[in-house]
Amino acid sequence: MSRLTSFRRPEASAAVGPVAARPPAPPLHNPPTDYTYDGSFEGLLTVLFRVYDRRSAPGSIQVEGAAQGGLFAQAVAIATDETLATRTWEGLLRFMPEPARARLYHVFLSEDPERELLIFRYADMALRAGRDISENYADATVRRCQRLAQQLFREKHRMEAFVRFEKAQDGLFHATIEPDFDTLPLIASHFTKRYADQRWLIFDRRRRYGLYYDLTRTTIVEFETGGASPRRGEVSATVLDEREPLFKILWQAYFDHVNIPERKNLKLHQRHIPKRYWKYLSEKQPCERRFEPIKNKRPPELPALPG
């Protein structure tokens, strides 16, 4: 899967003016076809191009290796073509504004089981309408795409808030996440700007890839599968900076001291910080040892006055 090119896909930008009417899309008069692709966004855009080239609507669009074939029909494997993908991506702007086009990429990142057909249906509706359909909430496809995009951005904001780094001996700051959606392409810009003065790596344990910033640029890095994973994807204690356990204890002590037990509202707390994110937070981990403040030196004892 092409992680690097997918990472470069644009996010939603400022709204543009209404899209001019265009000729309708060609009719898909041939029998439906089952398509397979390599799982990348560029691969899916290539499938969309081939659908109209073959005049055959998709019965299904599945990732190679995970596709379930029919009894009487053989799936058509579509090879990713960067040129056709770019042509399709740019051509969508003729029928929809840029924010609506970016929403299709966000639906892809949602990893919804029906994301490929949702993207096709949305694009096909826009092509046949010849105008922007992003506010046509009477349609189930438009509503679902909007809902998935909202859920994705909610997860994106939580990842930006709840990521916690640990410092390794070589100065690299490491964080492990396991979000519900594929949010790394959307949070790359945030962390690149916020931590521009230090090297860092954010690793998505579920999808086995990460973002690496080397003080110059942020790139996609892949991880080999296999082998035992550390608990919660943590870095081994042997490679952590020797002061990292102390920082964790200090943060837990700070959290305990600013807490006001009389104003405890666990229901509200879990609404703002759901339990599934607690595994990322140092203050939510069990204290390994109690924080002991540094004791000031005692002043020298004064000599006893003559009595």
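Two strands count as paired here if DSSP finds at least two bridges between them. Strand S1 (residues 30–37) and S3 meet that cut-off, with two bridges joining them in a parallel run. In this predicted model, Tyr 35 has Val 76 of S3 as its bridge partner. The pairing belongs to an open sheet of three strands in the order S2-S1-S3, put together in parallel fashion. Its edges are strand S2 (56–63) and strand S3 (76–77), each of which pairs on one side only. Helix H2 (residues 41–54) packs on this sheet and touches S1, S2 and S3, its direction making about 160° with that of S1.

Stepping back to the whole chain, the secondary structure comes to nine helices and eight strands. Of the 307 residues, 40% are buried. Among contacts with a separation of 6 or more, 72% come from residues 24 or more positions apart.

Helix H5 (residues 115–129) is worth a pause. Its 15 residues should span 21 Å at 1.5 Å a residue, and the end C-alpha atoms do turn out to be 21 Å apart, in agreement with that figure. Eleven of the 15 residues are buried, so H5 is largely enclosed by the rest of the structure. Among the buried ones are Arg 115, Glu 116 and Asp 124, along with Leu 117, Leu 118, Ile 119 and Phe 120. As for what they pack against, the buried residues of H5 meet S1, H2, S2, helix H4 (98–109) and H6. Arg 115 also lies over the face of Phe 108, at 4.1 Å from the ring centre. Just past the helix comes Gly 130, with a positive phi near 70°.

On the other side of H5 in sequence, the loop between H4 and H5 holds Glu 111. This residue has a positive phi of about 60° although it is not a glycine. That is worth noting, because most residues other than glycine have a negative phi. With a relative accessibility of 34%, Glu 111 counts as partly exposed.

The second sheet is also open, but has five strands in the order S4-S5-S6-S7-S8, with mixed pairing. S4 and strand S8 (218–222) are the edge strands, each pairing on one side only. Within the sheet, strand S6 (residues 200–204) and strand S7 (residues 209–213) pair in the antiparallel sense over five bridges. Phe 203 stands opposite Gly 210 in S7. The loop between S6 and S7 is home to Arg 208, another non-glycine residue with a positive phi, about 60°. Arg 208 counts as partly exposed, at 22% relative accessibility.

S7 also pairs with S8 in the antiparallel sense, over five bridges. Tyr 213 has Thr 218 in S8 as its bridge partner. S7 and S8 make a hairpin with four residues between them, and in the turn Leu 215 has a positive phi of about 80°. Helix H7 lies across strand S5 (173–177), S6, S7 and S8, and runs at about 20° to S7.

H7 is where Leu 186 is found, and this residue is buried, with a relative accessible area of 2%. The C-alpha atom of Leu 186 is separated by 9.8 Å from that of Glu 160, although the two residues are 26 residues apart along the chain.

Aromatic packing also involves H7. The structure holds ten aromatic pairs. One of them joins Phe 165 and Phe 191 in an edge-to-face arrangement, 6.0 Å centre to centre and with 75° between the planes. Phe 165 lies in the loop between helix H6 (140–162) and strand S4 (166–167), whereas Phe 191 lies in helix H7 (residues 184–194), so the pair ties together parts that are 26 residues apart in sequence. Both rings belong to buried residues: Phe 165 has 17% relative accessibility, and Phe 191 has a relative accessible area of 1%. The two are also members of one aromatic cluster, together with Tyr 195, Trp 200 and Tyr 213.

Conventions
Residues are numbered from 1 along each chain as its sequence is written. This is a predicted model: local features need pLDDT of at least 70, side-chain atom pairs count only at pLDDT 80 or more; totals for chains, interfaces and linings use all residues. Side-chain values use heavy atoms; hydrogens and water are left out. Rings of Phe, Tyr and Trp (its six-membered ring) pair if their centres lie within 6.5 Å; planes under 30 degrees apart count as stacked, over 60 as edge-to-face and the rest as tilted. Buried means under 20% relative accessible area, exposed over 50%, partly exposed in between (1.4 Å probe, protein chains only). A charge sits over a ring if NZ of Lys or CZ of Arg is within 6 Å of the ring centre and within 35 degrees of the ring normal. Contact means heavy atoms within 4.5 Å. Axes are lines fitted to C-alpha atoms, for helices over the stretch in contact, and angles run from 0 to 180 degrees between N-to-C directions. The expected span of a helix is 1.5 Å times one less than its number of residues.
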